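Me: I am new to this structure and would like a close look at a single part. Please begin with the aromatic rings, follow the part that carries the pair you pick, and then set it in the whole chain.

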Amino acid sequence: MDLNTLMPTVSTFFIVLSAVLVAFGWRLAIKRKLEQHQKMMVYAAIAAIIFFIIYASRTIFIGSTPYNGPDGLKPYYLVFLLFHIVMATVAAVFGITTLTLGYKKKFAKHRKLGRVTSIIWFFTAITGVAVYSILYVLYPAADAKPLFDAIFG
């Protein structure tokens with residue numbers, strides 16, 4: 001497995017791990033095991049940060065993998081990808097806000113936003129796995145072009 005495939009595989013693992021940890025954290029909150037809930041959500045945030053570091057590093061230094069599937073499906077893929085990107089951005093902003101509210105002990109707001117954030121996070125992880133599957137399993141493409149080469153090359 002080359003770096004072009006390894007990094008997306010590892011980053012996808014970390015975003016899925018993050019969603020699983022959020023699910024466990026939500027369950028702990030329901031059971032009122034709040035110290036364990038807090039730790040679990042910190043672990044989920046760390047997994048999400050690791051995902052982002054790997055994803056951003058790959059995008060900057062290796063580049064993005066182009067869609068290589070059938071041309072007739074490309075418009076649907078692009079709409080799906082846009083949906084995923086918007087959800088991921090919203091989930092990241094909501095996640096940071098939800099964590100901040102929890103640490104500031106604004107629990108009523110934290111609880112309300114946390115429910116919404118978790119659901120968006122789950123959909124982001126699921127659609128992220130779908131994007132990964134399309135780009136690296138169903139329709140693997142040629143190597144990506146590094147961002148710096150694309151800009152300055």
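Reply: Six aromatic pairs are present in the structure, which is a predicted model. One of the pairs is Phe51 with Tyr55: their ring centres lie 5.7 Å apart and their planes make an angle of 20 degrees, so the pair counts as stacked. The cut-off behind that word is an angle under 30 degrees between the planes. In general, a pair of aromatic rings is described by two values, the distance of the centres and the angle of the planes.

The sequence positions of the two residues fit into this picture. Phe51 and Tyr55 both belong to helix α2, which covers residues 34-61, and because they are four residues apart there, about one helical turn separates them. Tyr55 has a relative accessible area of 46%, so it is partly exposed. Elsewhere, Tyr67, Tyr77 and Tyr139 make up one aromatic cluster.

The helix that carries the stacked pair is the part to look at closely. Helix α2 is 28 residues in length, and the distance from its first C-alpha to its last is 40 Å. At 1.5 Å a residue, a span of 40 Å is expected, and the span of α2 is close to that.

Which residues of α2 are buried? They are His37, Met40, Met41, Ala44, Ala45, Ala47, Ala48, Ile54 and Arg58. The cover over the buried residues of α2 includes three other helices: α1 (3-30), α3 and α4 (107-138).

Now to the two ends of this helix. Before α2, Arg32 is located in the loop between α1 and α2. Arg32 is not a glycine, yet its phi is positive, at about 65 degrees. With a relative accessibility of 53%, Arg32 counts as exposed, because the cut-off for exposed is over 50%.

Just after α2 comes Gly63, with a positive phi of about 115 degrees. The loop between α2 and α3 holds Gly63. Is Gly63 buried or exposed? Its relative accessibility is 2%, so Gly63 counts as buried. From Gly63 back to Ile49 there are 14 residues in sequence, and their C-alpha atoms are 19 Å apart in space.

Helix α3, one of the helices that cover the buried residues of α2, spans residues 74-103 and includes Thr98. Thr98 counts as buried because its relative accessibility is 8%, and the cut-off for buried is under 20%. Apart from residues up to four places away in sequence, Thr98 touches His110, Leu113, Gly114 and Thr117. Leu101 is also in α3 and is buried too, with a relative accessible area of 14%. Setting aside neighbours within four places in sequence, Leu101 makes contact with Lys106, Lys109, His110 and Leu113. Leu101 and Ala29 are 72 residues apart along the chain, with 15 Å between their C-alpha atoms.

In the loop between α3 and α4 lies Lys105. Lys105 has a positive phi near 60 degrees, although it is a residue other than glycine. At 61% relative accessibility, Lys105 counts as exposed.

Helix α1, which also helps to cover α2, has a part in a surface feature. Val16, Val20, Phe24 and Val129 form a nonpolar patch on the surface, and together they have about 290 Å² of accessible area. Three residues of this patch come from α1, the largest share. Val20 is in α1 and counts as partly exposed, at 38% relative accessibility.

Last, the chain as a whole. It has five helices and zero strands, so from the N terminus on the elements read α-α-α-α-α. The C-alpha trace spans about 50 × 30 × 25 Å along its principal axes. Of the 153 residues in the chain, 35% are buried. Among contacts with a separation of 6 or more, 76% join residues 24 or more positions apart. The chain exposes about 9,700 Å², and 73% of this is supplied by carbon and sulfur atoms.

Methods. Residues are numbered from 1 along each chain as its sequence is written. This is a predicted model: local features need pLDDT of at least 70, side-chain atom pairs count only at pLDDT 80 or more; totals for chains, interfaces and linings use all residues. Side-chain values use heavy atoms; hydrogens and water are left out. Buried means under 20% relative accessible area, exposed over 50%, partly exposed in between (1.4 Å probe, protein chains only). Contact means heavy atoms within 4.5 Å. Rings of Phe, Tyr and Trp (its six-membered ring) pair if their centres lie within 6.5 Å; planes under 30 degrees apart count as stacked, over 60 as edge-to-face and the rest as tilted. The expected span of a helix is 1.5 Å times one less than its number of residues. Patches are made of residues with over 30% relative accessible area and no salt bridge: like charges are joined within 9 Å, nonpolar side chains (Val, Leu, Ile, Met, Phe, Trp, Tyr) within 5 Å. Accessible areas come from the Shrake-Rupley method with a 1.4 Å probe; for residues, only the protein chains shown count as cover. A salt bridge is a side-chain nitrogen of Lys or Arg within 4 Å of a carboxyl oxygen of Asp or Glu.
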